[in-house]
Amino acid sequence: MFSTVTIIFREFFEISIILSVILFTTKNIFERNLYVAIGLVFGVTFSIFLALGFHHLTNSLNGFGQEFLDVFILTIAVLMVSYTVIFIGKQSKDFSKNLSTTAELINSGKKPLIAISIIIASTLIREGMEIILFLNGLYSSGVSLTNMINGALIGSIFAILLGYFVYLGLLKFTYKYVFFLTSWLLIFFSATMASKIPLYLASADVMTFLNDPLWNSSWLLSEHSIIGKILGVLIGYDTDPTGMQLIFYLSTIAFISYNLYSVKKNPKIA
Amino acid sequence: MKRFFIILLFSVLISSCEDKETLIYQIDIINHQFTPSEIIVKSGKRIKLSINNKDETIEEFESLDLNREKLIPGKSSVNIYVGPLKPGSYSFFGEFNQESAQGKIIVKEK
């Protein structure tokens, strides 16, 4: 049962931290809980469907169905996070230098909120599929259902607690810096996901241009360490990124921050 | 921005036309262990790992050193491309059975 706990914890860990970041950065948005719930429900449902058809998925696209699915999901998530940051950032700037208030966001419409659902669903699908397949594998290898459920519960509770502490830690930041923190947490999250795309493509022997690692920073901080893993989720820390990963990472940051911070020539008057 | 995407598209097309020499290595998963658990490869070559999961249960091939992860359903095979690699030792593991599923790729000079 202990190995179940550790594996479930590790898989849930990433989901938990990402959800904490998303929940923190959207906490002032009206009705976001509804859209979070929609994202969770769709995410879990799609994960189950994909787990059921996993054999077909794996064999599809020349045996690289998994890789292409991951690329597809990551691309959508990058676009949705970018859209969320830019849209909400623009709303804040159009009205005043202060944070968007509840009223202002209601006025601007609910269209961007589905982006939150999509971001959450995409995270759940990527990681959730693995968890479902792992548990299914355990069950069919004869592990008792009670052991499995207990192990899964304990592992996920620990992961949720960790995410909760991350969330609490983020809340400690003063009001003045929250907009900055919100935008940049999401920008780094988007860049992190973008930087994984070249890895899946290279694994499938597609776009192997600039595929060599540029450096190795494992002497500084190992990817195997806890801090290394947390930074891996938050800012995409990688001990040996390839040139193409760096391009995707920096382009995403450049693209979002350019759109976020550029000043319109004729600003709308509120 | 447009130019960036055009260059990116060209690089995708060019790299997929390239006739790279790829070395193929087969690794089986038997009773939650990699067989062989150690393979020695030449540096600077593109490598295709053909992982054949002979167990009934699903396994996840993962390597932080190689930056690769892929799920392998029971009784099936998958391919994973890595490299070209610099000389050194790159470890990999089966995420769902880490106590037993450990391996490494040792890369030697040509």
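The paragraphs below lead through a predicted model, beginning with its largest pocket and moving on to aromatic pairs, one buried serine and some details of the backbone.

The largest pocket has a volume of about 920 Å³. Of the 38 residues that line this pocket, those closest to its centre are A:Glu14, A:Lys196, B:Glu62, B:Leu64 and B:Glu69, a list in which chain A and chain B both appear. The elements that give two or more residues to the lining are, in chain A, α1 (2-25), α4 (65-95), α6 (113-140), α8 (175-203) and α9 (226-235), and, in chain B, β5 (59-63) and β6 (68-72). The most is given by α8(A), which supplies eight residues to the lining of the largest pocket. Sorted by class, the lining of this pocket holds 16 charged residues, together with 11 polar and 11 nonpolar ones.

From the pocket we turn to the aromatic rings, of which a search of the whole structure finds 12 pairs over all chains. In one of them, the rings of A:Phe188 and A:Tyr249 have their centres 6.5 Å apart and their planes at 35°, and because planes count as stacked under 30 degrees and as edge-to-face over 60, this pair is tilted. The pair links distant parts of the chain, since A:Phe188 belongs to helix α8 of chain A and A:Tyr249 to helix α10 (residues 243-261) of chain A, 61 residues apart. The two partners fall on either side of the 20% limit for buried residues: A:Phe188, at 26% relative accessibility, counts as partly exposed, whereas A:Tyr249, at 15%, counts as buried. Both residues also belong to one aromatic cluster, which is formed by A:Phe180, A:Trp184, A:Phe188 and A:Tyr249.

Chain B offers another aromatic pair, B:Phe34 and B:Phe61, which is edge-to-face, with 6.1 Å from centre to centre and 80° between the planes. B:Phe34 lies in strand β2 (residues 33-35) of chain B and B:Phe61 in strand β5 of chain B, so the pair ties together parts that are 27 residues apart in sequence. Both B:Phe34 and B:Phe61 are buried.

Back in chain A, helix α1 contains A:Ser16, a residue that counts as buried because its relative accessibility is 9%. Which residues does A:Ser16 contact, once its neighbours within four places in sequence are left aside? They are A:Ala159, A:Ile160 and A:Gly163. With A:Ala159 there is a further detail, as the backbone oxygen of that residue lies 2.6 Å from a polar atom of the side chain of A:Ser16. A:Ser16 and A:Tyr164 are 148 residues apart in sequence, yet their C-alpha atoms are 8.0 Å apart in space.

The last part of the walk concerns the backbone. In chain B, a cis peptide bond with omega of about 0° joins B:Thr35 and B:Pro36, and B:Pro36 is placed in the loop between β2 and β3 (38-42). Another cis peptide bond, again with omega of about 0°, joins B:Gly83 and B:Pro84, and B:Pro84 is found in the loop between β7 (76-82) and β8 (88-94) of chain B. Positive phi values in residues other than glycine occur at A:Leu210, where phi is near 55°, and at B:His32, where phi is near 60°. A:Leu210 sits in the loop between α8 and α9 of chain A and, at 40% relative accessibility, counts as partly exposed. B:His32 sits in the loop between β1 (22-30) and β2 of chain B and likewise counts as partly exposed, at 27% relative accessibility.

Notes. Residues are numbered from 1 along each chain as its sequence is written. Chains are lettered from A and ligands numbered from 1 in the order in which they are written. This is a predicted model: local features need pLDDT of at least 70, side-chain atom pairs count only at pLDDT 80 or more; totals for chains, interfaces and linings use all residues. Side-chain values use heavy atoms; hydrogens and water are left out. On a 1 Å grid over the protein atoms alone, a cavity is a set of points where a 1.4 Å probe fits but cannot get out, and a pocket is an open set with protein on both sides within 12 Å along at least five of seven lines; lining residues have an atom within 4 Å of a point. Grid points are joined across faces, edges and corners, and a volume is the space filled by probe spheres set on the points. Helices (H or I, at least four residues) and strands (E, at least two) are DSSP runs, numbered from the N terminus. Ala, Val, Leu, Ile, Met, Phe, Trp, Tyr, Cys and Pro count as nonpolar, Asp, Glu, Lys and Arg as charged, and the others, Gly among them, as polar. Rings of Phe, Tyr and Trp (its six-membered ring) pair if their centres lie within 6.5 Å; planes under 30 degrees apart count as stacked, over 60 as edge-to-face and the rest as tilted. Buried means under 20% relative accessible area, exposed over 50%, partly exposed in between (1.4 Å probe, protein chains only). Contact means heavy atoms within 4.5 Å. A polar contact is a pair of N or O atoms within 3.5 Å; within protein, one must be able to donate a hydrogen and the other to accept it, and residues adjacent in sequence count only if both atoms are side-chain atoms.
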